[in-house]
Amino acid sequence: MTDSFGLSGAAKAQLFARLSARQPGPHVEALPEPKAPLGSSEVTGDIRMVQRIGEALGITNPYFRVQEGIPGARSTIDGRVYDNFVSYNYLGLNGDPRVAAAAKDAIDRYGTSVSASRIVSGERAIHHDLEAALAAIYRTEDALTLVSGHATNVTVIGHLVGRGDLILHDSLSHNSIVQGALTSGAQRIAFPHNDMDELDRLLSQARGGAARALIVVEGHYSMDGDVPDLGRLVTIARRHRAHIMVDEAHSLGVLGQKGHGIFEQARVDPADIDIWMGTLSKTLSGCGGYIAASRELIDYLRYSAPGFVYSVGLPPPVAVAALASLDVMAAEPERVAKLQANGARFLAAARALGLDTGPSIGSAIVPIMTGSSIVAARAADALFQKGVNVQPIIYPAVPEQGARLRFFMSSLHEAEQLERVAALVAETIADLRDMPVDLADLASRLAAR
Ligand code: PMP
């Protein structure tokens with residue numbers, strides 16, 4: 001029997017008991033050992049060291065650059081126009097006049113904030129419209145949106161599993177997945193990237209001791225631009241009675257003919273995945289995260305996930321921008337095709353020039369491996385001087401040999417631009433290889449500071 005809240009009497013009583021339970025007073029534990037004061041140089045030392053290396057090499061800081069206007073195929077920084085490869089504007093919907101008009105209209109109707117958690121007074125019809133549209137993509141019974149993609153993984157993973165359970169996640173998982181696993185208190189195992197044989201073996205070893213098992217993968221990996229073997233994963237998970245959660249942050253709008261993501265591309269029934277997760281901040285030109293799953297699971301999260309219950313609902317312009325983006329994506333599948341063609345073109349051009357694109361499938365994310373953090377940082381800096389904005393990914397974000405330039409594609413890029421930039425990258429990296437860094441000189445310059 002369920003009442004008007006969609007919960008059984010017992011579940012409702014439990015919910016109210018939990019919500020009204022007193023928070024324990026501040027509890028101060030003795031620190032195991034003295035630690036450096038917050039914000040002191042002992043704490044911030046590693047960051048400063050990277051900055052000093054950059055300065056010693058004459059590299060301008062590539063972080064926190066202020067973009068002017070709306071970043072698309074090009075973006076403006078300090079009045080100069082750059083070829084832009086650092087934004088997740090995959091389908092060019094951020095700044096689309098229809099999306100912007102819908103968001104402006106939402107502000108006029110609902111204001112800029114819902115001013116409360118949805119469970120109390122923050123609920124609006126637009127939340128339901130967006131969640132229904134997301135559930136329709138994954139053909140799930142329901143969906144739920146939260147105000148941050150990162151917080152979605154932390155709170156949902158952290159809440160659904162706990163001590164006595166087992167989480168296996170890909171070793172290249174996004175930080176939010178790792179944080180969620182740590183928060184949960186479950187046993188956590190990172191399996192080698194995309195290695196389904198090893199996942200199978202690890203499950204055989206560890207599954208027996210765990211009450212429940214959750215496997216978390218991404219539909220499209222944001223560092224390497226490759227994808228998991230989803231069909232194989234489903235078979236393995238079934239054999240070990242494990243649940244599957246797939247983070248589609250970089251797959252929605254990107255993979256599959258309609259842009260519905262990895263299940264569409266891999267021809268897997270979306271019902272074979274227990275929990276679909278994604279973000280509103282990329283293809284959907286908003287901000288926030290979502291979960292699509294069974295009604296029961298979504299209801300459980302809706303009434304009890306801390307990051308949802310104790311956090312504000314999506315702001316109206318953001319919810320409506322995401323919904324309008326889904327509408328445009330459905331009406332104009334040629335955007336998805338263009339993004340995919342752009343990724344394939346850039347990958348092919350880079351490879352033809354002898355560049356190492358790692359395991360990228362040539363979709364929205366194409367890394368160019370440099371094999372060294374210093375080469376990656378110097379190449380990004382030199383390219384910036386030449387009018388190309390691309391982010392270097394350096395140690396410790398990736399292992400030193402995995403340092404790279406990471407290119408994000410958009411449906412807005414043009415073929416000429418992609419061919420020209422690939423040639424510039426090849427030329428820039430070749431020039432740098434002829435100018436090796438003198439490490440002894442670098443060390444003495446650092447010591448002199
Ligand atoms: N999951 C993945 C795979 C991501 O790459 C990101 C961020 N890029 C997130 C979750 C977090 O999303 P958001 O930035 O929207 O909070």
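Trainee: How many salt bridges does the count come to by this rule?

Mentor: The count comes to 21 salt bridges. The rule asks for a side-chain nitrogen of Lys or Arg within 4 Å of a carboxyl oxygen of Asp or Glu. This is a predicted model, where local features need pLDDT of at least 70, side-chain atom pairs count only at pLDDT 80 or more, and totals for chains, interfaces and linings use all residues. Residues are numbered from 1 along each chain as its sequence is written, and side-chain values use heavy atoms, with hydrogens and water left out.

Trainee: How do you know that aspartate 272 and arginine 238 meet in a salt bridge?

Mentor: Their side chains come to 2.8 Å, N to O. The limit is 4 Å, so the pair qualifies.

Trainee: What does that pair tie together?

Mentor: Aspartate 272 lies in the loop between helix H10 (262-266) and strand S9 (275-279), and arginine 238 in helix H9 (residues 230-239), so parts 34 residues apart in sequence are tied together. Helices (H or I, at least four residues) and strands (E, at least two) are DSSP runs, numbered from the N terminus.

Trainee: Why is aspartate 272 called partly exposed?

Mentor: Its relative accessible area is 26%. Buried means under 20%, exposed over 50%, and partly exposed in between (1.4 Å probe, protein chains only). The value of 26% falls in between, so aspartate 272 is partly exposed.

Trainee: Why is arginine 238 called exposed?

Mentor: Its relative accessible area is 56%. That is over 50%, so the label is exposed.

Trainee: What about arginine 335 and glutamate 332: buried or exposed?

Mentor: Both are buried. Their side chains also meet in a salt bridge, at 2.7 Å, N to O.

Trainee: What makes glutamate 419 and arginine 345 a salt bridge?

Mentor: Their closest N and O atoms are 3.0 Å apart. That is within 4 Å, so the rule is met. The pair links distant parts of the chain: glutamate 419 sits in helix H16 (residues 415-433) and arginine 345 in helix H14 (residues 334-352), 74 residues apart. Glutamate 419 is partly exposed at 36%. Arginine 345 is partly exposed at 36% too.

Trainee: Which residues are linked in a network of salt bridges?

Mentor: Arg74, Asp83, Glu416 and Arg420.

Trainee: Why is H14 called roughly parallel to H16?

Mentor: H14 and H16 pack at about 30 degrees, with their axes 9 Å apart. Axes are lines fitted to C-alpha atoms, for helices over the stretch in contact, and angles run from 0 to 180 degrees between N-to-C directions. Under 35 degrees counts as roughly parallel, over 145 as roughly antiparallel, 65 to 115 as roughly perpendicular, and the rest as oblique. An angle of about 30 degrees is under 35, so H14 is roughly parallel to H16.

Trainee: Why, then, is H15 called oblique to H16?

Mentor: The axes of helix H15 (residues 373-385) and H16 come within 10 Å and cross at roughly 130 degrees. That angle fits none of the named ranges, so H15 is oblique to H16.

Trainee: Which way does H15 pass H16, right-handed or left-handed?

Mentor: The crossing is right-handed. A crossing is left-handed if the near helix is turned anticlockwise from the far one by less than a right angle, and right-handed if clockwise. The crossing of H14 and H16 is right-handed as well.

Trainee: How do you know that H16 is close to its expected reach?

Mentor: H16 has 19 residues and reaches 27 Å from its first C-alpha to its last, close to the 27 Å expected. The expected span is 1.5 Å times one less than the number of residues.

Trainee: What makes H6 mostly covered?

Mentor: In H6, 10 of its 12 residues are buried. Among them are Gly149, Thr152 and Leu160. Helix H6 covers residues 149-160.

Trainee: What caps the N-terminal end of H6?

Mentor: Serine 148 does, with a side-chain oxygen 3.2 Å from the backbone nitrogen of histidine 150.

Trainee: Why is H6 called roughly parallel to H7?

Mentor: The axes of H6 and helix H7 (residues 175-184) come within 7 Å and cross at roughly 30 degrees. That is under 35 degrees, so they are roughly parallel.

Trainee: Why is isoleucine 126 called buried?

Mentor: Its relative accessible area is 7%, under the 20% limit, so isoleucine 126 is buried. Isoleucine 126 lies in helix H5 (residues 125-138).

Trainee: Why does alanine 133 count as partly exposed?

Mentor: Alanine 133 is also found in helix H5. Its relative accessibility is 22%, between 20% and 50%, so alanine 133 is partly exposed.

Definitions and conventions:
A polar contact is a pair of N or O atoms within 3.5 Å; within protein, one must be able to donate a hydrogen and the other to accept it, and residues adjacent in sequence count only if both atoms are side-chain atoms.
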